[in-house]
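Trainee: I am new to this structure and would like a close look at one part of it. Please take one helix, go through what it packs against, and then turn to the empty spaces.

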Amino acid sequence: MPSAETTPTSVHEPDPVRPTKEDEVAASGSELIGGPIGRRALLGTSWWTPVRIVALVAIGMFALGLVQKAPCYNGAWFFGASSQYTHACYSDIPHLFQGRGFADGLVPYFDKLPGDMEYLEYPVLTGVFMEVASWLTPGSGTIQDQEQWYWMVNAGMLMVCAAVIAVCVSRTHTRRPWDGLLVALAPAFALTATINWDLLAVALTAAAMLMWSRGRSVAFGILLGLATAAKLYPVFLLGPLLVLCWRAGKWRDFGKALGGTVFAWLVVNLPVMLLAWDGWSQFYRFSQERGVDFGSFWLILAQNSTDPLSTETVNTLATLLMLLSCVGVAALTLTAPRRPRFAQLAFLIVAAFILTNKVYSPQYVLWLVPLAVLARPRWRDFLIWQACEVAYFLGIWMYLAYTTSGDAHKGLPPDGYHWAIGLHLLGTLYLCAVVVRDILMPERDPVRRAGDDDPSGGVLDRAEDVFVFGAAAHPPRHAAHFEGPQVEWGNQGPTGSSL
């Protein structure tokens, strides 16, 4: 089989890629801090390395997100039915402190809860995270004081996760550390970071991607298993990794990754499974029995139908759509003219799950942010998608304000909320389409235009192809051996067009 890579190592520059030289939006934005870096600048001689700057910016943006929640912290979580929605500062964290038994010292998964939810409906590692935060919460004062402290303790722990995510993204593509600023400055990231506990799984997934990029398959598997023990979506990354390793013949590395994932997941889950099966399985029962909910196209269909589909039917159709998406990603991987990058496929598979799922909570955007940055590190496309997500963030809270304000109907009516959902769906589909285009036309891929192959691919980076289909198995004649000078893949000549 032909090799998927034809670029010799010698043409690759070891210097970091400067976004202000290759990205028009980044160059324009840099004018706020003095403009693009000069060609005579002394790099690598200051304490202010790109990774440290990215981490500090991420912490600063996270702090701004906390400020945005101030109206709720000072009262909207506790007084008024809809004020937490009109101020767009809702968070599950303070409400679940008492609602899931942490205020009463109940043990998650083991102790039954009063009300409709019998047990904590979160995966085990997230439950551990919530429990640790409750241990650190002062037990004195009113319940309102305790809920405020509980949110603040969780916010501090989630801030660490946010910094870890930004650092891991900055270090995954070693020649592109400044891409981490896309994560750090993402507005939807800051707005949704403390709605729920998703950042824990996102941080573990970002760390897993970093480990895979370093060729550490077992460490990748262990971190991915822990991430899956905190949230379900990370396990989907094993699908595209399987197909990539199939195309490159890296079965041993995939086996190590799979083994590490299963081992880490079992270490976290098995004790609770054996000792408290009903509590452990609550998350999976709730996910199956939950009806059509916020943010999905299924909700638009249900609210515009006189005979909406049953939950069982929606579960079946959503599963079929997800399976079709997996088949499409696999076909794309095996037939693409050049083997896709791992981050590209990871983004596509998680995006497919989000688009076909029966619910889309606003914090789910956190799952995609680091993967989107690694898959398509271009400010223009990233900001278009982020604008759509911010619009949805405002739309869902205004819709909830409308439904909870009684006859006053202050907020966004259902038809308006459907437009907000549509904007979120279109924004995500747009970014998916751009990533697919990059896969089919690798010369348009920003990472490969800079001279790299798959910097997040680990053992897949510059590996030979051993199994491909279609056009990939029959390279065109101009791809044959040529004695003249080789041109860097994606490198533009003097008349080349730019993105």
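Mentor: What follows starts from helix H8 and its neighbours and then moves to a cavity, a second helix pair and a pocket. The model is a predicted one, and the values below are computed from it.

Helix H8 covers residues 143-172. One of its partners is helix H6, made of residues 92-99. The axes of H6 and H8 come within 8 Å and cross at roughly 125°. H6 and H8 are therefore oblique to each other, and their crossing is right-handed. On the H6 side, the residues in contact are Ile93, Pro94, Phe97 and Gln98. H8 answers with Ile143, Gln146, Glu147, Tyr150, Trp151, Asn154 and Leu158. Sorted by class, the residues of this contact are seven nonpolar, three polar and one charged.

Another partner of H8 is helix H11, residues 198-213. Here too the axes come within 8 Å, and the crossing angle is roughly 25°. That angle makes H8 roughly parallel to H11, because angles under 35 degrees count as such. H8 passes H11 in a left-handed crossing. From H8, the contact takes in Leu158, Cys161, Ala162, Val164, Ile165, Cys168, Arg171 and Thr172. From H11 come Leu199, Leu200, Val202, Ala203, Ala206, Ala207, Met209, Leu210 and Ser213. The contact of H8 with H11 has 14 nonpolar, two polar and one charged residues. Leu158 of H8 is listed in the contact with H6 and also in the contact with H11.

Now the empty spaces. Rolling a probe the size of a water molecule over the atoms shows where empty space is left. The structure holds four cavities of 30 Å³ or more, and the largest cavity has a volume of about 60 Å³. Its lining consists of Val169, Thr172, Val202, Thr205, Ala206, Met209, Tyr233, Trp367, Pro370, Leu371 and Leu374. The elements giving two or more residues to that lining are H8, H11 and helix H20, residues 365-375. By class, the lining of the largest cavity is nine nonpolar, two polar and no charged residues. Thr172 of H8 and Val202, Ala206 and Met209 of H11 belong to this lining, and these four residues also take part in the contact between H8 and H11.

H20 leads on to helix H21, residues 379-404. H20 and H21 pack at an angle of about 175°, with their axes 12 Å apart. H20 and H21 are therefore roughly antiparallel to each other. Val365, Leu368, Val369, Ala372 and Val373 of H20 meet Phe382, Trp385, Gln386 and Glu389 of H21. This contact divides into seven nonpolar, one polar and one charged residues.

H21 also helps to line the second largest pocket, whose volume is about 1200 Å³. The pocket is lined by 41 residues, of which Phe286, Arg290, Val359, Ser361 and Tyr364 are the closest to its centre. Besides H21, the elements that give two or more residues are H6, H16 (282-289), H18 (311-335) and H19 (342-356). H18 provides the largest share of the lining, six residues. By class, the lining of this pocket has 25 nonpolar, nine polar and seven charged residues. H6, the helix that crosses H8, is thus among the elements of this lining.

Definitions and conventions: Residues numbered from 1 in each chain as written. Predicted model: local features only at pLDDT ≥ 70, side-chain atom pairs only at ≥ 80, totals over all residues. Heavy atoms only, no water. Axes fitted to C-alpha atoms, helices over the stretch in contact; angles between N-to-C directions. Parallel < 35°, antiparallel > 145°, perpendicular 65-115°, else oblique. Left-handed = near helix turned anticlockwise from the far one by under 90°. Contact = heavy atoms within 4.5 Å. Nonpolar A, V, L, I, M, F, W, Y, C, P; charged D, E, K, R; others polar. 1 Å grid on protein atoms, 1.4 Å probe; cavity = no way out; pocket = protein on both sides within 12 Å on 5 of 7 lines; lining within 4 Å. Points joined across faces, edges and corners; volume = space filled by probe spheres on them.
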